[in-house]
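Student: I would like to take a close look at one single part of this model. Could you walk me through it slowly?

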Amino acid sequence: MAIKVLEEKCTGCGVCIDDCPFEAIDMVGDFAVINDKCTVCSQCIETCPFDAIIRTDEEDDEHDISKYKDVWVYIEQRDGKIMNVALELLGEGRRLSREIGEDCNVCGLLIGYETDHLIDELYAFGADKVYQIDDPLLKNYTTDGYTKVMTDAIREYKPEIVLFGATHIGRDLAPRVAARLDTGLTADCTRLDVKTDTYIEYLEKNTTLDTSKIREKTDDVNLKQTRPAFGGNIMATIICPKRRPQMATVRPGVMQKAERDDSRKGELIKVNHKLSKSDIRTEVLEVVKAAKERVSLTDAEIICSGGRGLGDASGFELIKKFADKVGGVVGSSRAAVDAGWIDHSHQVGQTGTTVKPKIYFACGISGAIQHLAGMQTSDIIVAINKDPEAPIFEVADFGIVGDLYKIIPQIIEEWDNAEALYDESTKTKSQTKSA
Amino acid sequence: MGLKIIVCAKQVPDTTEVKIDPVKNTLIREGVPSILNNDDANALEEALRIKDKYPDTHITVISMGPLQAKDMLIECLAMGADEAILASDRKLGGSDTWATSNALAAVIRKLGHFDIIFAGRQAIDGDTAQVGPQIAEKLGIPQVTYVSEFEMDGDTIIVKRALEDGYERIRLKMPCMLTAIKELNKPRYMTIGGIYEATKKEIPVWTAEDIGVDLNTVGLEASPTNVFRSFTPAPKGKGIMIEGDGEKELARNLLINLKAKHVI
């Protein structure tokens with residue numbers, strides 16, 4: 001595939017040049033010309049006001065992809081305990097398999113040693129089938145051991161889709177398996193679609209992309225794998241049209257688990273394997289559990305930031321307590337640094353650190369432009385401020401107007417109850433619905 | 001004979017400098033500098049530390065990309081690498097991670113014997129963390145990813161591999177592929193002398209033909225994955241103001257909303 005500019009339609013307006021994320025378009029004479037840096041991201045196709053840019057598709061039927069069926073989920077377990085992301089993927093895999101068709105199953109691939117006690121849990125969370133590979137050599141994760149048994153199983157049973165959690169183990173195993181099978185792999189997905197309808201619905205809700213061209217091909221059932229790229233500045237949807245299985249790693253915490261149903265049963269397939277000790281070239285000397293070290297602002301998943309609204313330096317004691325509770329890092333606005341309440345190393349913003357955590361708590365921060373520049377691409381922003389007119393509320397996903405000295409202690413107190421509170425709220429909602 | 005180490009490096013746009021135009025909702029890339037990928041700097045640093053200890057170690061930095069990636073390779077030479085090679089060819093353009101690993105594995109085969117390959121865990125523009133393991137697969141050597149500590153004793157290597165909730169200690173033999181994370185070390189700066197020496201060195205540019213790679217396994221058309229669409233997320237509108245009677249209820253309603261978004 002390649003991107004092509006139709007000279008007869010190109011007016012040389014240059015809009016595509018400004019828009020290309022990869023500097024892959026040059027103006028040569030009066031026309032736009034695609035250069036070597038093109039990644040076929042197709043942004044220019046959507047941008048061109050004159051429909052002068054097209055993609056040239058070339059099909060090949062070399063690989064018979066019709067023989068592949070079912071959705072497989074790699075069931076990552078550590079120390080005999082299933083990782084949460086594997087259950088999330090069973091939920092997502094179930095949804096996708098139902099989109100593909102009635103005879104499509106979602107299957108857990110369980111690799112390890114003495115894992116029988118985990119099988120019922122997999123059925124309860126939605127697995128139609130469990131493929132189990134059990135051997136003393138598979139007690140600890142090793143790249144060589146797990147890659148071998150997994151690729152052999154995929155070759156034998158031919159799943160259409162294989163999903164992994166994007167954990168340190170999933171991101172070690174998946175590329176190795178994909179390379180051995182000579183198929184594609186998409187990293188760190190945050191959304192998956194099979195049906196074009198649901199994909200278009202997603203695009204229309206979340207982007208300004210023109211979807212009319214996708215509508216022309218609604219029978220497309222390739223797995224559309226959407227992920228952040230370019231440091232999270234753009235989203236890209238990746239497909240793997242000619243090879244099978246279609247493989248993806250998926251970020252933990254994004255997909256939804258199915259509701260646990262212990263009455264659900266499934267089919268167990270014990271997979272034979274030919275693994276021997278000499279296949280494994282690394283030796284795990286020890287596995288050590290350790291508390292997460294305090295990370296820097298740039299890497300923090302949660303940041304609790306305080307500003308002028310704290311009133312004085314002692315306010316950061318509360319912010320610190322808050323950060324400790326939620327496993328976050330303490331940040332601050334420039335105003336709090338200038339007041340001498342906290343060290344500059346905590347400052348978030350244009351002249352401080354640019355951050356992009358999963359949650360940014362802005363406590364007593366008004367939201368000056370220079371602060372916003374350093375944190376507004378955070379996934380979720382929560383603002384707590386006395387002043388309902390504070391500009392911070394313009395960028396916040398959730399805002400609370402009130403006294404942070406009263407609200408934060410309550411958040412700390414209730415933090416561990418979040419799951420129970422949420423479950424209760426969904427129950428009340430469904431009750432009111434049915435009533 | 002000294003150790004032969006290969007370091008895989010990539011020139012990337014500094015994505016932390018990228019901003020979104022709030023009006024047009026597009027990427028602003030003016031003034032975004034191209035840099036040596038962060039994790040790759042850690043990979044090179046670890047190789048240099050081995051060379052500090054065993055001066056007869058030979059370090060070759062390899063990269064694939066457009067000709068401007070030479071600037072990044074000069075930086076690697078100025079830090080202390082012995083040689084640098086750039087695979088650059090239109091036929092290699094548009095490669096996904098599978099195709100890229102085929103090309104880089106071909107470069108490494110052409111170089112001949114090696115003991116250790118260091119790569120960065122992932123590049124900041126793509127964040128896939130796939131090319132290192134896929135090169136190892138194509139070369140048929142063992143790998144350890146997320147390396148945060150490195151020790152060497154003869155031809156045996158002991159590394160710490162970072163996990164989300166701790167770490168593993170792993171022993172393996174050379175030859176092998178190790179991918180570095182930033183906890184591994186602190187990359188050194190270029191020295192004035194190093195820069196002077198580096199600019200005198202020639203950086204060979206190898207074409208697809210030079211590396212002898214099967215053209216059906218590299219480039220855009222051979223790549224199993226394609227970009228179907230790419231887009232900037234729509235700017236988000238004003239958020240939700242949490243309501244509630246008293247602080248406790250406000251706090252609870254906030255947590256319910258965060259839970260519904262799957263962020264906690």
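Student: Which elements do the buried residues of H4(B) pack against?

Tutor: Happy to help, and a word on conventions comes before the helix. This is a predicted model, in which local features need pLDDT of at least 70, side-chain atom pairs count only at pLDDT 80 or more, and totals for chains, interfaces and linings use all residues. Residues are numbered from 1 along each chain as its sequence is written, chains are lettered from A and ligands numbered from 1 in the order in which they are written, and side-chain values use heavy atoms, with hydrogens and water left out.

Now to your helix. The buried residues of H4(B) pack against helix H6 (170-181) of chain A, and within chain B against strand S1 (4-8), H3, strand S8 (116-120), strand S9 (143-153) and strand S12 (176-180). Helices (H or I, at least four residues) and strands (E, at least two) are DSSP runs, numbered from the N terminus. H4 of chain B covers residues 131-139, and 7 of its 9 residues are buried. Buried means under 20% relative accessible area, exposed over 50%, and partly exposed in between, with a 1.4 Å probe and protein chains only. The buried residues of H4(B) are B:Gly132, B:Pro133, B:Gln134, B:Ile135, B:Ala136, B:Glu137 and B:Leu139. Just after the helix, B:Gly140 takes a positive phi of about 70°.

H3 deserves a second look from the other side. B:Ser101 lies in this helix, which spans residues 97-111 of chain B. B:Ser101 is buried, with a relative accessible area of 0%. Leaving out residues up to four places away in sequence, B:Ser101 touches B:Val131, B:Gln134, B:Ile135 and B:Lys138; a contact here means heavy atoms within 4.5 Å.

The rest of chain B gives the setting. Chain B has 8 helices and 15 strands, and its C-alpha atoms fill a box of roughly 75 × 40 × 40 Å along the principal axes. Its domain assignment gives domain 1 (4-222) and domain 2 (234-264), with bounds that come from an automatic or database domain assignment. The C-alpha centres of these two domains lie 43 Å apart. Buried residues make up 58% of the 264 residues in chain B. Among contacts in chain B with a separation of 6 or more, 71% join residues 24 or more positions apart.

Chain A, which supplies H6 to the packing around H4(B), comes to 14 helices and 22 strands. Its C-alpha trace spans about 65 × 65 × 55 Å along the principal axes, and 54% of its 435 residues count as buried. In chain A, residues 24 or more positions apart account for 64% of the contacts with a separation of 6 or more.

As for confidence, chain A averages a pLDDT of 89, and 95% of the residues score at least 70; pLDDT is the predictor's confidence in each residue, from 0 to 100. Over residues 58-62 of chain A, pLDDT stays under 50, and the model has 4 contacts beyond four places in sequence for them. Where pLDDT is low, the predicted coordinates should not be read in detail.
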